Every structure is written in structure tokens, then in C-alpha cells.
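The following paragraphs offer a guided reading of a structure. Please keep the sequence and the model in view while reading.

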Amino acid sequence: MIQDLLTNAISAITGLHLRPASSSARETDALLFALIGGTILVLGLVFGLMLYYVVRYRHGTKASRDGSDAKSWRFEISWTVATLVVFFGLFVWGADLYVRLFQPPANAIRIAVTGKQWMWKAEHPGGQSEINALHVPINQPIELLMTSEDVIHDFSIPAFRIKHDVLPGRYTSLWFTAVEPGTYNLFCTQFCGTDHSQMGGKVVVMEAPAFQNWLETSRTSVGLVAEGQVLFTRYGCSGCHAAGQPGMAAARGSLSSVRAPPLDGVYGHPVPLNDGTVVIADDQYIRDSILMPARQIVAGYANQMPPFAGVVSEGDLVRLLAYIKSLGANR
Amino acid sequence: MSRTSTVEDLPPSYLNKENTLFSWLCSTDHKRIALLYFGSITAFFFLGSAGAALMRLNLISPAGALVSHEGYNRLFTLHGVVMVWFFLVPAVPVTLGNFILPLMLGARDLAFPRLNLLSWYLFITGGLITLWALFWGGLNTGWTFYTPLSTNYTNGHVVLAVVGIFISGFSSITTGVNFIVTIHRLRAPGLTWYRLPVFAWSLYATSVIYVLGTPVLAMTLILLAFERIFHVGVFDSRIGGDPLLFQHLFWFYSHPAVYIMILPGFGVVSEVITAFSRKALFGYKFVVWASMSIAVISFLVWGHHMFVAGQSIYSAIVFSLLSYLVAVPSAIKVFNWLGTLHKGHIQFEAPMLYALGFVGLFTIGGLTGLFIAALGTDVHLTQTYFIVAHFHYIMVGGMVSAFFAGLHYWWPKITGRMYSDAWGRVAAAIIFFGFNLTFFPQFVLGYYGMPRRYASYPPEYQVWNVLSSAGAVILAIGYLTPLFYLSYSLLRGTRATENPWEATGLEWKTSSPPQTENFRHIPTVVDGPYNYPPPHSPAAPRHG
């Protein structure tokens, strides 16, 4: 009992509960510790010089004050340049880390995360969904595709040293590779109203077999892609958009009374628009094209699709997106 | 306070010329307006501090010891709104600046005395309206008013609070215009730009930001109010708006506002360190141009508040680089203050202790800024207590220490009386210690990932929270102490001479307290600032 208390206190003071638990967390800590070391050095210099001067040159001491009118610009230039060089080094180090932090690898498993006042919902590709918890396998890159149903939230996992805001009407993403099995805090770190401090949960990092087991026991649906395919018909998308039948697109387009761009192989590829620009069909583009299709019209097509804003829920969007993404392999 | 009985026996001055309520509330004398501001600023400071004290009390227990979640959210909103807009942004310019600037320039008043009085009325009107919103109905958005929480979801009195801030913003603009024109037009004969004391330069730089930045805040707040009332769709993503646009506009003002808060502090500290080292400021021109370049670059770094908000990677990289750039002039200043101490004749009266405390705390605040200007580490540290600790080191450890340094330095000039220097030094020491105990643990909490604006928290964070709250008690004692010995000085303090510190600067060349219109004859300036002669005899006390 007492030993437990003592262990807890020591862990609270030293932060043992916050060992870096993802591949990037160790890199973040390396830069952090470099900064802490540099800070201690500079603070030592500033406080040291200040103390030394105020003692040595206090009023009435006999210390020599000769030569205090020497030109100062040499000093000014040297410490300005020195500061600039060090700062530039820190900038490059931090920027390199950041760029890699926000570029998910191609083999990442994608989990959809939706925030709303005051809970988190996560949906796995197999359709497993969880509230205020996130189960992930160890040593496997995970990408979170995040959006909010109301205000701005922020998905933060301190043990992984990552966070990103979660916005309404937009997808943002975050990725990590967990390297230490365990249970970690998950926080909302963007103030979101009354119960902001309750909007959190646990991230559970599991060994691969245990995770497989968890997936099996938590399965409640046929998976996001399959559900997306059903929704694709239910919302009437399939009436105009050819999908899932490579080679049929042209024929389908000519038979249907409405001509709409085929969706096979669209995801992740450039799409020419009728204003002459070209966009990459990423998650945000697909989302906007469902909710507000008039914004970006594909070159050669008319603006005739009705907007689905307010009709398709965030959950259904995630499924449609998963389905359309799955068509990407068909090109 | 029985003002009449205490000032009657003093020689004629701005304090005892007339003493009706009307003569104070309708005075166009910059010195009287400065005192009106002193009174209001002090009230706002203690109100905001009370909010902070209740927050620290609540955070002693992980579950929240005192108030509900909603109550806590209102407390930190009150603390932030009051401290930022009604204390930190105006504090040094409208009080010390208002009082000292014309004296420093050898002028009889600011260029537009009536505009100066108007600015106080705007400030107090805006302040009262915002207070009304904060207390009658409450506000729970945080001082940052992020959309769409503030526009579509909260039921607090956002519009009313925003109207108050909007009105008080005009007090910033009028003060800025007044200072700029005064510095351009009312300098005494011979007082060239490079003979200006650094405090005047720093007020000039601050005024530039007041005039260029505050209108952007005004526009942003109008958009916010329109969005909330009419749902026009500027920030609402459901009807084609962009919630991030609000953050861009908001920080376009609110980051430069950080420099509004700290630049006058740089000026005060430069004055105090030279005066108590009895030595010219090291690298005068570098210090001056560091202030001016901060004023310019500060407009180009707002995006560093949004590294994880959803802006593009490319803009984040540019904003990170610019943030490092804006830190260079601040570093230059620290080195120059050290250079000024070198081979000086240093004395340790209360103003100097506050100023040395400023240098130490500001350096810690500045260095921890490098942690969050670096993109990779900002991702972990932003939105945690690390941010809270960092900006309190700059704003409270830095700016409030500088305010106290200036207050103690110019107190004899302002009131015509001395205070107990021993008590001043004791308070400076208590504040330094209490401040570090309050805010250093918050760096640790931030590294451990504790989010800011949390009414309750996981128990593993308790140890450091309790330490921080204990520090807040000491800090509160530190801030209350000057209230007592300065009040005592007002009533019973010994008379101050014209120049009790034997400092340079025109403000010391007139009586303490100065007469109405400041000078019998406008002085002529023949040399640069800080022209301290070598002291005659070692260890001679300079004043009684």
C-alpha cells in the first residue's frame, strides 16, 4: 500500500507515466532535451554574468572600470550572428520533424475519428467502433482521419507527443506508430465548452495477436467499405456515377439520362476541373464534392448534382469515403 | 483616502491645484489622466488576479476542489479577458507612459490632451460593459473567442463582451496616435531622435502596433458579432465559411499585442538598469532598433499560434522561421542589459531589484519560447500548461515586474513622496520567489501533457499542481505587499527631492510632483541620454 503510494508519487514527479511510446515521440524528446540543455547553458550564462557583475561592480567596489567605453558594435554583431545561427539550426531541426509528423506512410491503417461535445468516436476499417477509446496494434503505422460534428476539438496523445485540431466541415489527419504496449491518456486539448476537461479517454496499444482478438470480439458490422457500398446505392449515387465496374464507365454514361464522372480510380489522382485547374482527389475533395458539389465541377460535366450537406451524416461520409477509396485500385 | 489633508502642505503641483471630483474627471492634464488610469488598471489587475487565485484553488484537487466545470470555464475567461485587454495591453503606456513621456520629452502635455481624456472614458466604458457581460450572464469562451464555439454554441454573453473590448480598443488607438504625434512634434529643443531615452522609443514602437493592429481586432470582433447575431457565414463551415479564418484574423492582432505588452517593459527596464548602474546603456542604437524591428516582425508571426490548427505545412514552416527571427532582437536586448551592468556602479534599490528580476524571468520566458517556435516540439507542447507557463513568464514575470520596476522608479516623481525601500526590496524578493514556484511547475506539467483550460485532471498531475497553487499564495502576498507600503507612502512618506536617484532624463529636472504644465521653462537638451558622470566618492549614499 505504502509502496504503491510511493511509486505513484515518484512516477508523478518524474513523469515515468509519460515514457515516449511512439516512434516519433523519441525524436520529439531528442529535440526537447537538446533545447533544455541549451536553455540551461544560456540561463547559466545570463544568471552567472548578472550575479558576477552585480557583485563585482556593485557601488563602492574597487574593481577597475577602465575601458568601459569601448566600441560596442563588435559585440553586437557577434552575438546577433551567433543567435541567428543557433536559431536557424533549431528551426531546421523542428521543421524536419514536423514535416515527417504530418506525412503518413502509404501502409498506414486508417481509423476514422469524429469528435463532438464531449466525446470521441473511433471507427476501424472493419467497422469496429469505440467511444472515448482507441485500440491500436503495436509497430503498425496508424493514420487518423479526423473531423468534428460541432466545434473545434483537438486530438492529443501526450505519450506519443502528437496532437492536431479537429475541425467541423474538414478532415485533418494525424499518424503514429506505437512502440510500447500499454494504456495512455487521450485528451481534447482545444477548449470546446462546458465539459472540455471530460472529453478524453484511453489509447490502448496491443501486441498484434491481442489486437486481432480485440477486432474479432468487437466486430459489429461488415466493415466500412461494404457499408459504404450499400450507402452508395441508398443515397442514389449509383444512379449517375459509375463505380466498381471498370470498363463499363463509358457505356454506363451513355445509357444513363444523367452524365456524371465515373469514380473508379479517382481517389488520390488528379482531377481536371472545368475552370482549368487540377486538384488531387483527396479526402477533403471527395467530402466537399458530396456535400457541396457545385463548388468544384469536373471538366466536361454539367453542374447538376444536388448538394448533400445536411443529408449525409459524418458517419455515413466516412463509409462512402472508404468505399470510394477502395475503388482506387480498379484503375 | 483623505487626499486634501495630505496634499495641502505640499508645494503647488498638479496634485493640489484643484481637488474637486470634477477637476479630476474632466482634467486634460496628462498626469491626472495617468492617475485615473492607475486607479482603473489596479482595480482590473486585482480583479483578474482574484480569478486566477480561485482557479489555482480549484486545481488543488484533481476533481476540482471549488467550482463546477462551467464555473471554472467562466473563471479562466474572466481572468484572460480582464488581464489581457484591461490590464496588460494598456498598463504601462497609459499609466507610466502617460505620466512620464511628456516629462521625458520636455513637453507641457501630450499633443492632444482632450483625446487623452477621451481615451480614458473609452477605456472605462468598454471595461464596464465587458465586466457587465462577465458577471451578468457570464462568458465561457476563453479570451480567444474561437469560432464556432463562440458564434454558434455558447450561451454566454459574447456580443456584449465583444462590444466592450471593441470600445476599449479605440482607447488604444487614440493613445497610440497621441504618443506618435507627441514624440514627433513635442520634443524639447535639442532632443534629437538619438537623444531620446529608450522608454520613449519603446512607447513609439508600441504605439505603431496600437495604431496598426487594433483596427484589425475591431474588424474581427465586428465579424464575430455579426456571425453570432445574423449567421452571415464568414466562420461557419456549414454555410461555406471557415472557422480557421477567425484564428488568422484574431492572432493577426493578438500576437503583436504580446509585443504591445512587453515592449514598454523593455523600455522601463532599460531606464532603470542604466540609472542604477550609473552608466550609459550598452548599445543604445541596437536596443532602439531592436524595438522597432520587433514592432514590424511581430505582424508576421501570427501563424505560430496555429501549428496544429490545420494550416498548411508550408505556412507553418514560414511562420516558424519568422518566429525565430523575431526572437533575435529580444535576445539582443538581454545581452545589452548585461553589457550595461558590466563595469557599472550598481546599487540595489527596489526598482533595480524588480528590473533584475525582469531580466531573469524574461530570459526564461524567451528561451522557452524557442521550444514552441520549433515545429516538432510545438506539436507536443502547444495547448498544454507549457504554453501557460511560457507566456506567464513573459507577461507576469516580465511585464508585471517591469511595471513594478517603473512604478517604484517614478513613484517619487508621481507622488512627491518616498516609500520604504526595505519593504520594496522584500516585496520584490517575495514576488520573484512566488512567481517561480507558481509557474515553473507548469512547465513540467506541460511537458507531461496536462492540457490547459481543464477544470479537472488525471490524478498523476496533482503533485505539480499543488506546488503551483502554493506558489500562487506566496505570489498573492507579494502583490499585496506594495499595496500597503505604497499606500502608506502616499499618506506619510517622506518628501521626495527633484531627483532622488540622481538619474538623467528631463523628467528629473522638474519638481516632484511636477507642477501643472510640467516645466517653468522648457529645457534645452545638449547631450545624449544616460550621460552619467563617474561617481565622486565611493559608497556615498545618494539620497536620504
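How many of the eight residues of strand 1 of chain A are buried? In this predicted model, six of them are buried, and the strand, which spans residues 109-116, is mostly covered.

Strand 1 of chain A has pairing partners that can be followed one at a time. With strand 5 of chain A, residues 141-148, it runs parallel, and seven bridges join the two. Within strand 5, Ser148(A) stands opposite Gly115(A). With strand 2 of chain A, residues 119-123, strand 1 runs antiparallel, and here five bridges make the connection. The link between strand 1 and strand 2 of chain A is a hairpin through two residues. Lys116(A) stands opposite Met119(A), which belongs to strand 2 of chain A.

Strand 5 of chain A also holds Thr147(A). Is Thr147(A) buried or exposed? Thr147(A) has 24 other C-beta atoms within 10 Å, and therefore counts as buried. Apart from neighbours within four places in sequence, the contacts of Thr147(A) are with Thr114(A), Val166(A), Leu167(A), Arg170(A), Tyr171(A) and Glu314(A). For one of these residues, Val166(A), the separation from Thr147(A) is 19 residues in sequence, and the distance in space is 5.3 Å from C-alpha to C-alpha.

Attention may now turn to another part of chain A. An open sheet of five strands in chain A follows the order 4-10-9-6-7, and its pairing is mixed. Strand 4 (133-137) and strand 7 (162-166) of chain A each have a single partner strand and stand at the edges, so one side of each lacks a neighbour in the sheet. From one strand to the next, the twist averages 20°. Inside this order, strand 9 (residues 182-188) and strand 10 (residues 200-206) of chain A pair in the antiparallel sense over six bridges. One pair of bridge partners is formed by Asn185(A) and Lys202(A), the latter in strand 10 of chain A. Helix 4 of chain A, residues 208-218, packs on the sheet and touches strand 4 and strand 10 of chain A. The direction of helix 4 makes about 130° with that of strand 4 of chain A.

The next topic is the contact between the chains. Chain A contributes 73 residues to it and chain B contributes 71 residues. On the side of chain A that touches chain B, at least two residues each come from helix 1 (2-14), helix 2 (23-56), helix 3 (73-101), strand 6 (153-157), strand 7 and strand 9 of chain A. Which element of chain A supplies the largest share of this side? Helix 3 of chain A does, with 17 residues. Sorted by class, the side of chain A that touches chain B consists of 40 nonpolar, 23 polar and 10 charged residues.

Two packed helices are described by the angle between their axes and the distance between the axes. Across the two chains, helix 2 of chain A and helix 12 of chain B pack with axes 9 Å apart and at an angle of about 20°; these two helices are therefore roughly parallel to each other. Their crossing is left-handed. From helix 2 of chain A, the residues Val46(A), Leu49(A), Met50(A), Tyr53(A) and Val54(A) meet Val334(B), Leu338(B) and Leu341(B) of helix 12 of chain B. This contact has eight nonpolar residues, with no polar and no charged ones.

Helix 12 of chain B, residues 313-341, also packs within its own chain. Its axis and that of helix 11 of chain B, residues 284-297, come within 9 Å and cross at roughly 155°, and the two helices are therefore roughly antiparallel to each other. This crossing, too, is left-handed. Among the residues that make the contact are Phe286(B), Val287(B) and Ala290(B) of helix 11 of chain B, and Leu322(B), Leu325(B) and Lys333(B) of helix 12 of chain B. The residues of this contact divide into 10 nonpolar, three polar and one charged.

A last residue to locate is Ile317(B), which lies in helix 12 of chain B. Ile317(B) counts as buried because it has 20 C-beta neighbours inside 10 Å. Between Ile317(B) and Leu375(B) there are 7.5 Å in space, C-alpha to C-alpha, although the two are 58 residues apart in sequence.

Definitions and conventions. Residues are numbered from 1 along each chain as its sequence is written. Chains are lettered from A and ligands numbered from 1 in the order in which they are written. This is a predicted model: local features need pLDDT of at least 70, side-chain atom pairs count only at pLDDT 80 or more; totals for chains, interfaces and linings use all residues. Axes are lines fitted to C-alpha atoms, for helices over the stretch in contact, and angles run from 0 to 180 degrees between N-to-C directions. Helices (H or I, at least four residues) and strands (E, at least two) are DSSP runs, numbered from the N terminus. Angles under 35 degrees count as roughly parallel, over 145 as roughly antiparallel, 65 to 115 as roughly perpendicular and the rest as oblique. A crossing is left-handed if the near helix is turned anticlockwise from the far one by less than a right angle, and right-handed if clockwise. Two residues are in contact if their C-beta atoms, placed from the backbone, lie within 7 Å. Ala, Val, Leu, Ile, Met, Phe, Trp, Tyr, Cys and Pro count as nonpolar, Asp, Glu, Lys and Arg as charged, and the others, Gly among them, as polar. Two strands pair if DSSP finds at least two bridges between them. A residue is buried if 20 or more other C-beta atoms lie within 10 Å of its own, exposed if 12 or fewer, and partly exposed in between; C-beta atoms are placed from the backbone.
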